Amino acid sequence: MPDFRQLTAKMTPKGWAMVGGSAAVALIFVYMLFSFASKPSYSTLMTGLDPAQTGKITSTLDTKGIGYEIQNNGTALAVQSDKTAQARIALAGAGLLGNQQPGFSLFDKQSLGQSNFQQQITYQRALEGQLATTIESIQGISNAQVQLVLPDPQSQLFADTTQPSTAAVLLSDSGALDSRSVKGIAQLVASSVPGLDVNKVTITDSTGALLWPRASGAGGAGAGTLLAKQSDQAQYDAAMAAQVNTMLTQTLGPGKAQVSVNADLNADQTTLDSINYAKKGIALTQHTDKETLNGTGGATATGVAGTTAANIPTVAGTAGTGNSKYNHAVTDTTFGVNKTVAHSVVAPGKINRQTVSVLIDKSVPAAQLPAIKAAVASAVGFSPPRGDLLSVGQVAFAKPTTASAASPAKMIGYAKYAAIALGALIFLFFITRLLRRRENEPFAGRPTWLRELENPRPLAALEGESPTQVMQLRPAVNVAKRQVEDLVDREPDRVAQQVRAWMAED
């Protein structure tokens, strides 16, 4: 190891200047490296901003303490990458997140004397901005752009020149949207634009994939219907499997079970007509006819048996008595039965059949398998009459890899310390190299006493000077004696034993 005190004593002012310059360069390098590593990264949050809204947005972000950058001449805003969610919440709470495009407020800036063409363009821009703002309020959509093609009202005088209205919608972050949400957006746009058919609306996502129109949604059939059915089945399977996996993870722990669902859905929309009759009738009309007759008995004519002139025999009568009573009643009732006529539309999505597969890790006790099977069957709505199948198996799961993926923030922190350590090593390397070079250089200076001896001085000059103070020389150090004294202080027993051995030899 070199003696730094000797090295520093031999250094000239030029050497000290070089050392100071190297230290300054090293410090500047470390500072610049640290500043570059600690500089926050920004990600674009909003584009197509109205410059009039930029001041409000920046004021809101300053209040929340969120760093930002203005890009594209004030039409784009970028915030710190690790505070994107906080910025969205702050701007949404202030009502500034969706005001990226002008709406019907454009009519407030109109001036007198505008032509019909200018008014038509203003109306089209206002309608596009209003639709984009409305679509952005839907959950799962961060940005929306709407382009409308509206026919000129003056060119619609004749039927042969009629042109339909069309609309194109571009959605960002629409991966969480399902087919029903996309259809709802198409219906929203078609209902907001006069003369626009839902089949003339085109919806695409940020990747360029066509979301609308679909053959099933537009009333077609064939391959489009099959694709729509497969999409709905995939969404149902994923949602049901995620729900059951979450339940098993909270019960058994992570990495202990895996569930897969494969369902067959009925994608046909049908109508159902039914007539139901009541079990008991109700009297509608009733007619009653009653007839009664009461009679009393009397004397009859009497005579003597004999013959008359006409030789007509006669019969003697007898006195008779008696009463007669006649009663007749008829009831006629007309009955009616209640009837219910129902006409209903059966929406698609009924489950025809589903298959559920459950895999359990070997670490789970086998005694828990029946309870797990029952819980899964209840969660997925298992129905044996419908033909559902549920299989539960137990296998040894692969051990999860414990590869630690450091976050970008941690990586930047590690890079800072590594850069500082590297800068310090480089600084020490150059300083050590410089000192060693100076140590090997020949001594160029001459002592003062040697110069005085070589250059004779007159006696008058020597008498006028103050006497030179002579320092007392220190006595020479006896190294062997000091080593023996140190040994006696450190190991007195050993020294005493050695002295006894010497005395015994004598």
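**A three-stranded sheet, a cis proline and two nonpolar cores**

Helix H4, spanning residues 84-93, lies across strands E1 and E3 and runs at about 25° to E1. This arrangement comes from a predicted model, and it offers a convenient entry point to the sheet beneath the description that follows.

The sheet itself is open and consists of three strands in the order E1-E3-E2, with antiparallel pairing. Its edges are formed by strand E1 (42-47) and strand E2 (68-71), each of which pairs on one side only. On average, neighbouring strands of this sheet are turned by 30° against each other, direction ignored.

Each pairing can be followed bridge by bridge. Strand E3, residues 76-80, is joined to E1 by five bridges, and the two run antiparallel. Within this pairing, Ser 43 has Val 79 of E3 as its bridge partner. On the other side, four bridges link E2 with E3, again in antiparallel fashion, and here Ile 70 stands opposite Leu 77 of E3. E2 and E3 also make up a hairpin with four residues between them. In the turn of that hairpin, Asn 72 adopts a positive phi of about 55°.

Ala 76 is a helpful residue for viewing the sheet from within. This alanine is found in strand E3. Is Ala 76 buried or exposed? With a relative accessible area of 2%, Ala 76 falls under the 20% cut-off and therefore counts as buried. Once neighbours within four places in sequence are set aside, the contacts of Ala 76 are Met 46, Thr 47, Leu 49, Glu 69, Ile 70 and Gln 71. Of these, Met 46 and Thr 47 fall within the residue range of E1, while Glu 69, Ile 70 and Gln 71 fall within that of E2. The C-alpha atoms of Ala 76 and Leu 45 are 7.7 Å apart in space, although 31 residues separate the pair in sequence.

Further along the chain, attention turns to the nonpolar cores. The largest of them has 25 residues. Those with the most contacts inside it are Ile 135, Leu 148, Leu 171, Ile 185, Val 189, Val 201 and Ile 203. At least two residues of this core come from each of helix H5 (116-136), strand E4 (143-149), strand E5 (166-172), helix H6 (179-192), strand E6 (201-204) and strand E7. H6 provides the largest share, namely five residues. A second, separate core of 18 residues includes Ala 257, Val 358, Val 376 and Ala 377.

Leu 148 gives a closer look at the surroundings of one residue of the largest core. Not counting residues up to four places away in sequence, Leu 148 touches Gln 124, Leu 127, Glu 128, Leu 131, Thr 166, Ala 167 and Val 193.

Strand E7 (210-212) also leads to a backbone feature worth a pause. Trp 212 and Pro 213 are joined by a cis peptide bond, with omega at about 10°. Pro 213 lies in the loop between E7 and helix H7 (223-252).

At the level of the whole chain, there are 13 helices and 14 strands. Of its 506 residues, 21% count as buried. The accessible surface comes to about 36,000 Å², and carbon and sulfur atoms account for 58% of that area. Among contacts with a separation of 6 or more, 69% are between residues 24 or more positions apart.

Notes. Residues are numbered from 1 along each chain as its sequence is written. This is a predicted model: local features need pLDDT of at least 70, side-chain atom pairs count only at pLDDT 80 or more; totals for chains, interfaces and linings use all residues. Side-chain values use heavy atoms; hydrogens and water are left out. Two strands pair if DSSP finds at least two bridges between them. Axes are lines fitted to C-alpha atoms, for helices over the stretch in contact, and angles run from 0 to 180 degrees between N-to-C directions. Contact means heavy atoms within 4.5 Å. Buried means under 20% relative accessible area, exposed over 50%, partly exposed in between (1.4 Å probe, protein chains only). Accessible areas come from the Shrake-Rupley method with a 1.4 Å probe; for residues, only the protein chains shown count as cover. A nonpolar core is a set of buried Ala, Val, Leu, Ile, Met, Phe, Trp, Tyr and Cys residues joined through side-chain atoms within 4.5 Å.
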